[in-house]
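Welcome! Open your viewer, pick a cartoon style and get ready to select a few places one after another.

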Amino acid sequence: MAPAGGGGSRAGKMAPSHVLKCCQKVLAWVPVAFIALVVAWSYYAYVVELCLFTITSTGEKVVYLVIFHLSFVMFVWSYWKTIFTSPASPSSEFCLSKTDKEQYEKEERPESQQEILRRAAKDLPVYTTTTSRAIRYCDRCQLIKPDRCHHCSACDLCVLKMDHHCPWVNNCVGFSNYKFFLLFLLYSLLYCLFVAATVLQYFIKFWTLCRRKSAENCPKNELLDTRAKFHVLFLFFVAAMFFISILSLFSYHCWLVGKNRSTIEAFRAPMFRNGPDKNGFSLGCSKNLKEVFGDEKKYWLLPIFTSLGDGCNFPTRLVIMDPEQLTVSSQNEPAKSSGPSQPFPTRPLSESQNRLLANDNQWAEASSEDENVKSGVKKHIVVSLES
Ligand SMILES: [Zn+2]
Ligand SMILES: [Zn+2]
């Protein structure tokens with residue numbers, strides 16, 4: 001961390017911005033290193049100081065050690081996967097073609113730029129726009145943003161279904177690792193809960209410990225004032241503190257999963273053709289859960305990628321993917337949805353949003369031929385909607 005200042009002043013050969021970036025990169029690992037140190041210490045304090053030095057009953061020792069290691073392994077595994085799973089970026093089909101890119105850069109008027117984007121987005125599965133009804137385009141990555149995708153300034157890339165950039169894992173939480181992140185929260189809660197619950201009785205014993213240094217003068221079930229005291233007391237405080245702080249975050253994310261919302265979408269509703277809709281991607285609680293955890297329950301608690309979809313296409317309440325299901329779905333469409341009476345066409349929003357070209361009739365005609373193209377692209381289909 002320190003050499004950055006020296007590097008910057010050195011003859012100016014090395015670009016200061018480059019040094020700054022390196023420095024930032026190293027500093028970004030500090031929270032992760034902090035967590036790793038706390039976890040490593042908690043391992044030592046629990047296994048060595050508590051189980052080996054303090055607990056006398058062999059049965060208790062074995063049970064504690066087995067459960068502890070189980071939760072420790074699951075916690076470390078899911079934390080590792082959250083940190084080291086690279087954020088997923090949009091596929092190349094969302095990038096502008098070379099000619100479009102050149103044209104886009106030459107154009108100065110925003111309307112003409114939108115025209116180019118609208119044309120490029122025509123065959124893409126894009127259903128959301130900016131609040132001003134413009135195609136969501138990332139100037140930095142030079143691509144049309146898929147639904148739920150956002151540019152992360154910390155990672156400097158567009159991240160699919162971006163939730164937030166988490167400093168504690170030094171990574172973006174998004175489509176590729178959202179399940180791992182949830183499991184990381186869950187297993188850290190279980191880890192802290194188990195440690196706090198099993199340490200409690202020794203915490204109380206140490207708190208009221210026998211001040212006499214030799215075992216001979218001490219009553220039988222009192223603990224001596226040993227080095228373990230410090231570790232056990234701290235272990236309880238740290239575990240309880242982390243448990244309380246993670247609990248609120250985990251509860252919030254459980255609520256988000258149930259609603260099929262990312263943290264970003266919870267703050268700013270995605271803009272659909274019918275206007276902003278916070279529940280635009282919600283398919284009902286159990287289907288929302290499966291979107292993140294997958295269809296097979298046996299993999300739900302393992303930090304293995306099982307989320308549905310490809311991160312670019314998302315089934316929504318309003319957008320029906322498969323033409324064959326159109327009638328079924330439109331019947332199931334909740335009456336309260338403010339949309340048009342016909343099912344939401346599979347055509348990207350782009351054209352309808354063009355104030356100059358807006359022509360729903362022309363659009364509806366064209367949408368039928370596009371459905372054939374789209375149905376090949378879509379990976380999973382909403383057949384019926386739960387409300
Ligand atoms: Zn970007
Ligand atoms: Zn990020």
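Start with the whole protein chain, where 13 helices and eight strands can be found. Keep in mind as you look around that this is a predicted model. Of the chain's 387 residues, 33% count as buried. Among contacts with a separation of 6 or more, 63% are made by residues 24 or more positions apart.

Next, select residues 30-52, which form helix α3. How far apart are its end C-alpha atoms? They are 31 Å apart, which agrees with the 33 Å that 23 residues should span at 1.5 Å a residue. Now centre your view on Ala45: α3 has a kink of about 25 degrees there. Ala45 is also one of the buried residues of this helix, along with Ser42, Tyr46, Glu49 and Leu50. To see what covers them, show α4 (58-84), α7 (178-207) and α8 (227-259), which are among the covering elements.

Now move on to the loop between α6 (110-121) and β1 (137-138), and select Arg133. Arg133 is not a glycine, yet its phi is positive, at about 70 degrees. Most residues other than glycine have a negative phi. Arg133 counts as partly exposed because it has 17 C-beta neighbours inside 10 Å.

For the last stop, go to the loop between β3 (150-152) and β4 (157-159) and pick Asp156. Asp156, not a glycine either, has a positive phi of about 55 degrees. Is Asp156 buried or exposed? With 10 other C-beta atoms within 10 Å, Asp156 is exposed.

Terms used: Residues numbered from 1 in each chain as written. Chains lettered and ligands numbered in written order. Predicted model: local features only at pLDDT ≥ 70, side-chain atom pairs only at ≥ 80, totals over all residues. Helix = DSSP H or I, 4+ residues; strand = E, 2+ residues; numbered from the N terminus. Buried ≥ 20, exposed ≤ 12 C-beta atoms within 10 Å, placed from the backbone. Contact = placed C-beta atoms within 7 Å. Expected span 1.5 Å × (residues − 1). Bend = angle between axes of the 7 residues up to and from the residue.
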